[in-house]
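I wanted to look up the empty spaces in this protein, then its surface and its salt bridges. These are my notes.

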Amino acid sequence: MEEFRASYSRWRLVLLFLLSVDFVVLGLLMVGVIGEPSDPAEWSGRRGSIPPELVPYASWFCVIFFAFGAAVILKRFFDDGVQVAIGATGIHWSNWSDATIPWDEIVRVSVYIQNRQKSIVLHLLNPEAFPGRGIHAWLASANRMITGGDIAISLIGTDRSFEEAMAAIEHFGGRALLD
């Protein structure tokens, strides 16, 4: 088996970008920046989940969160490098660090599923030996509480599938690592 290499998929990034922009526009519509603001009581009454007084706050949160997401996606659109590599030496995820995590440092590999999206979760022997960077490092402790592992790798927006990555992990790392 050849080394697994996943890069960003341009068309998937465009779809994610457009989805983010849609949510920004929706949030701006709800607070009245674009057009006449909707009546929060009417909107909340239909959904029954957000009290009318919180609708403007939720709308602004939506605007800020998805605008940030659109910016991140736009940045990734111009990144031609390999994002995830799984081979004989170990697993490399460029969003986490420049280091490749060797197989002997990986205790096990599990799967975390949230809303039908699967993530590969690495459980490391010495997690402090492989510090992350950026937002992934900043959110690492929350990620550990949610997934139960040290590093959660998502293939969303890449040109390879979760199943291909898991097959590469089984091939190079061995079946014993898999939950």
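I took buried to mean under 20% relative accessible area, exposed over 50%, and partly exposed in between. By that cut-off, buried residues make up 35% of the 179 residues in the protein. I note at the start that the model is predicted.

**Entry 1. Overall layout.**
I counted six helices and seven strands. Read from the N terminus, the order is β-α-α-α-β-β-β-β-β-α-α-β-α. Along the principal axes, the C-alpha atoms fill a box of roughly 60 × 30 × 25 Å.

**Entry 2. Largest pocket.**
I looked up the volume of the largest pocket and found about 1,700 Å³. Its lining has 43 residues, and those nearest the centre are Arg76, His136, Leu139, Ser154 and Ile156. Which element gives the most to this lining? Helix 3 does, with eight residues. Among the other elements that supply at least two residues each are helix 1 (10-31), strand 5 (106-114), strand 6 (117-124) and helix 4 (134-138). Helix 5 (140-147) and strand 7 (151-154) are also on that list. By class, I get 22 nonpolar, 16 polar and five charged residues in the lining of the largest pocket.

**Entry 3. Second largest pocket.**
The second largest pocket has a volume of about 250 Å³. I find 13 residues lining it, with Gln117, Leu155, Ile156, Arg160 and Phe162 closest to its centre. Ile156 is thus listed close to the centre here and also among the residues nearest the centre of the largest pocket. Helix 1 and strand 6 each supply at least two residues to the lining of the second largest pocket. That lining divides into four nonpolar, five polar and four charged residues.

**Entry 4. Cavity.**
How many cavities of 30 Å³ or more does the structure hold? I found one. The largest cavity has a volume of about 40 Å³. Its lining consists of Ile91, Trp93, Trp96, Ser97, Ala99, Ile101, Leu122, Ile151 and Ile153. Strand 3 (90-93) and strand 7 are the elements that give two or more residues to this lining. By class, I count eight nonpolar residues, one polar and no charged in the lining of the largest cavity.

**Entry 5. Nonpolar patch.**
On the surface I noted a nonpolar patch of about 520 Å², made by Val25, Leu29, Val33, Ile34, Trp60 and Ile64. Helix 1 and helix 3 are the elements that give it two or more residues. Ile34 lies in the loop between helix 1 and helix 2 (40-47). I looked up the accessibility of Ile34: it is 36%, so this residue counts as partly exposed.

**Entry 6. Salt bridges.**
A search of the whole structure gave me seven salt bridges. I wrote down three pairs, as follows.

- Glu3 and Arg5 meet through their side chains at 2.7 Å, N to O. Glu3 is partly exposed at 35% relative accessible area, and Arg5 is partly exposed at 44%.
- Asp150 pairs with Arg144, with the closest N and O atoms 3.2 Å apart. Is Asp150 buried or exposed? Asp150 is buried, because its relative accessible area is 12%. Arg144 is partly exposed at 32%.
- Glu164 pairs with Arg160, with the closest N and O atoms 3.2 Å apart. Glu164 is partly exposed at 33%, and Arg160 is partly exposed at 26%. Arg160 is also one of the residues closest to the centre of the second largest pocket.

Key
Residues numbered from 1 in each chain as written. Predicted model: local features only at pLDDT ≥ 70, side-chain atom pairs only at ≥ 80, totals over all residues. Heavy atoms only, no water. 1 Å grid on protein atoms, 1.4 Å probe; cavity = no way out; pocket = protein on both sides within 12 Å on 5 of 7 lines; lining within 4 Å. Points joined across faces, edges and corners; volume = space filled by probe spheres on them. Helix = DSSP H or I, 4+ residues; strand = E, 2+ residues; numbered from the N terminus. Nonpolar A, V, L, I, M, F, W, Y, C, P; charged D, E, K, R; others polar. Patch = residues over 30% accessible without salt bridge, like charges linked within 9 Å, V, L, I, M, F, W, Y side chains within 5 Å. Areas by Shrake-Rupley, 256 points an atom, 1.4 Å probe, with all protein chains shown as cover. Salt bridge = Lys/Arg side-chain N within 4 Å of Asp/Glu carboxyl O. Buried < 20%, exposed > 50% of the residue type's maximum accessible area, 1.4 Å probe, protein only.
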